[in-house]
Amino acid sequence: MDNELLFDLFRKMNRIRRFEEEAARLYTERKIGGFLHLYIGQESVAVGAISVLDLKKDYVMSAYRCHGHYIACGGRTDLGLAELLGKETGCAKGRGGSMHFFDVKNHYFGGWGIIGAHMPVAAGLAFAQKYRDSDGVTLCFLGDGAINIGPFHEAMSLAALWELPIVFIIENNYFAMGTPLEKTAPTEDLSIRALGYPMARDTVEDGNDVFSVRETIHSAVKRARESKMPTLVEVKTYRYRGHSMADPGTYRTKEEVEAAKAKDCIERLGKKLETLGLSEDRKKIVDEVEREIETALQFAESSNFPAPETALDFCLIEP
Amino acid sequence: MTREIPIRDALKEAMSEEMRRDDRVFLVGEEVGAYNGAYKCSKGMLEEFGPKRVIDAPIAENGFAGIAVGAAMVGLRPIVEFMTFNFSLIAIDQILNTAAKAHLMSGGQLSCPMVFRGAGGAAYQLGAQHANSFEHFYAYTPGLKVIAPSTPYDMKGLLKSAIRDDNPVCFFESELTYSLKGPVPEEEYIIPIGKGDIKKEGSDVTLITWSKNVFLTLKVAEKLSELGISAEVLDLRTLRPLDTELIFNSVAKTHRCVIIQEQHSVASFGAYLSHLIQSSIFDELDAPIEVVSCLEVPMPYSRKLEEVILPSEERCIEAVRKVCG
């Protein structure tokens, strides 16, 4: 395997992890308002899936646990931290916040806060790709909590009917906020919901294995690109933190969380680097990310808040 | 050259002209293609533009409205037809929470240049679930433009502007007036969004209204003139952004104002207008503003009850007498 690819995957996963840890710290210091949903534990899903795309023509959209997808698309950590602090320099100019990161130049289309509602919208990105005869593909990330709401079904129904080049990825972390999956879904196989439309479906049993994620999403993206066949993929993963920073996660046992941490996706890729004799590179990347986050933090802290006289900006586009 | 055409043809002309002009524009909705539109507003368009651009959608308003929002984010210019705005409630999250907020939430990186259009309001015994007038739900929302014209001329000129606008626009029509004919020039024209229109000049009282109630209000003005009251009929045409200059100038001239709306009065657009006028030009008013609205009950089916609940000529005249008394 190409070393550069390994380094890129490892760097992005580390970048997300460190970004989220700093975000958690800033939240406890009350520098971040509102909700903060952390992605720690799930890094291999966003990084693995997005790494198979060609972001010159492909699009990505996700829900509100969105920092990981933003960074995996190439979103800058300094602009991300500035957004969390509500600064004018943020990736959404301080108008979005934690749940609404955007980096449209890198084809990351947000960052959406209403469960399932972004799925038809993502299908609309794919609709435009097909309308323009591009061979671009859209990846749409959602949580297991989204699979029971109407737009989930409408998006898949229309994507299948209109043969849209889209891959829906359920990041199954087993909890919709605090409610365990077995109370919300009568099946352990979530991709089975694709059967009625019909469209392709697949499952990544070990979402902590970034290569396993890549392989499955690569096939689904190829199917979307070449035969306009949408796919619903379930990726089994786990979030280490509560639903949001307000949630201590007491509905899970310590043992369950520790067992998940023992299979950590970043540690796993790090070990792989070592077995390939790339320990020095591993250390170098970790140090580089550390310095990047330090610089990003300084940038975010020293940036200005939006000026009060700009409060009405970005409401309408005027010619 | 000007000919007389019905509103459904004026709307079709607006959409077809814009689709010829810009291949990013497409029409999506239930029955818009092979059926020619539930109210025949897209008659012949499937034949001219093909199924890629005139798209029959299944009954899934949130789904196809959401797809149109996403397509708009990457530069297409969708026209979404709701068979009626009653069904827009299924998609209201995509309109209020996605389309209206994308530009702000992304710090200006995204825009949604698109139109949501369809019929609204009562239309002879449609029953409680199909007779709602929802302009104010959308007019409440920053990030949207809201248009509710009355005549074929205004419908065509404003729909063309709506399609060219870079923002999400809600465009309200009426089942009852699709067949109503009026003069429309053959030459191309557009009407700017945000400009009202004086449909009849007068000096004693300003009657403010929009959508199909413009026709009711013109009848009321005729009756008033028989009673010796000269009423000015102001057709807002656009609710958001609002033509406050036209409103204030008219009320400053007549010093009396009645608002006529097909909405319930609580938390309605008329209630807002009334507040806006009194707080902005209180000294110009010689009497409190009256608002004629639907009565506070869901719309029952029976014709006799519907007549009681909707604004009527009698209730409008009574309101005018009150402000002119």
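A:S62 stands opposite A:G111 in β2(A), a position within the parallel pairing of strand β1 (residues 59-62) of chain A with β2(A), which spans 2 bridges. The model is predicted, and the predictor gives the complex an ipTM of 0.97 and a pTM of 0.97. For chain B the mean pLDDT is 97, with 100% of its residues at 70 or more.

**Sheet in chain A**

- The strands β2-β1-β3-β4-β8-β7 of chain A, in that order, form an open sheet of 6 strands with parallel pairing.
- β2 (108-111) and β7 (200-204) of chain A each have a single partner strand and stand at the edges, so one side of each lacks a neighbour in the sheet.
- From one strand to the next, the twist of this chain A sheet averages 15°.

**Sheet in chain B**

- An open sheet of 5 strands in chain B follows the order β9-β11-β10-β13-β14, and its pairing is mixed.
- Its edges are β9 (197-200) and β14 (290-294) of chain B, each with a single partner strand, so one side of each is left without a neighbour in the sheet.
- The twist of this chain B sheet averages 25° from one strand to the next.
- Strand β10 (residues 205-209) of chain B runs parallel to strand β13 (residues 257-264) of chain B, and 3 bridges join them.
- B:L207 has B:V258 as its bridge partner in β13(B).
- Helix α8 (residues 213-226) of chain B lies across β9, β10, β11 (231-235) and β13 of chain B, and runs at about 175° to β11(B).

**Helix pair within chain A**

- Helix α1 (residues 3-28) and helix α11 (residues 279-302), both of chain A, cross at roughly 40°, and their axes come within 9 Å.
- The angle makes α1(A) oblique to α11(A).
- The crossing of α1(A) and α11(A) is right-handed.
- On the α1(A) side the contact is made by A:F7, A:F10, A:R11, A:N14, A:R15, A:R18, A:F19 and A:E22.
- On the α11(A) side the contact is made by A:D281, A:R282, A:I285, A:V286, A:V289, A:E290, A:E292, A:I293 and A:L297.
- By class, the residues of the contact of α1(A) with α11(A) are 8 nonpolar, 1 polar and 8 charged.

**Contact between the chains**

- Chain A and chain B each put 31 residues into the contact.
- On the side of chain B that touches chain A, α3, α4 (92-99) and α5 (102-105) of chain B each supply at least two residues.
- The most comes from α3(B), which gives 10 residues to that side of chain B.
- The residues of the side of chain B that touches chain A comprise 14 nonpolar, 15 polar and 2 charged.

**Helix pair across the chains**

- Helix α6 (residues 150-161) of chain A packs against helix α3 (residues 61-73) of chain B at an angle of about 70°, with the axes 8 Å apart.
- α6(A) and α3(B) are therefore roughly perpendicular to each other, and their crossing is right-handed.
- From α6(A), the residues making the contact are A:G150, A:P151, A:E154, A:A155, A:S157 and A:L158.
- From α3(B), they are B:N62, B:G63, B:F64, B:G66 and B:I67.
- The contact of α6(A) with α3(B) divides by class into 5 nonpolar, 5 polar and 1 charged residues.

Conventions. Residues numbered from 1 in each chain as written. Chains lettered and ligands numbered in written order. Predicted model: local features only at pLDDT ≥ 70, side-chain atom pairs only at ≥ 80, totals over all residues. pLDDT = per-residue confidence, 0-100. Axes fitted to C-alpha atoms, helices over the stretch in contact; angles between N-to-C directions. Helix = DSSP H or I, 4+ residues; strand = E, 2+ residues; numbered from the N terminus. Parallel < 35°, antiparallel > 145°, perpendicular 65-115°, else oblique. Left-handed = near helix turned anticlockwise from the far one by under 90°. Contact = placed C-beta atoms within 7 Å. Nonpolar A, V, L, I, M, F, W, Y, C, P; charged D, E, K, R; others polar. Pairing = 2+ DSSP bridges.
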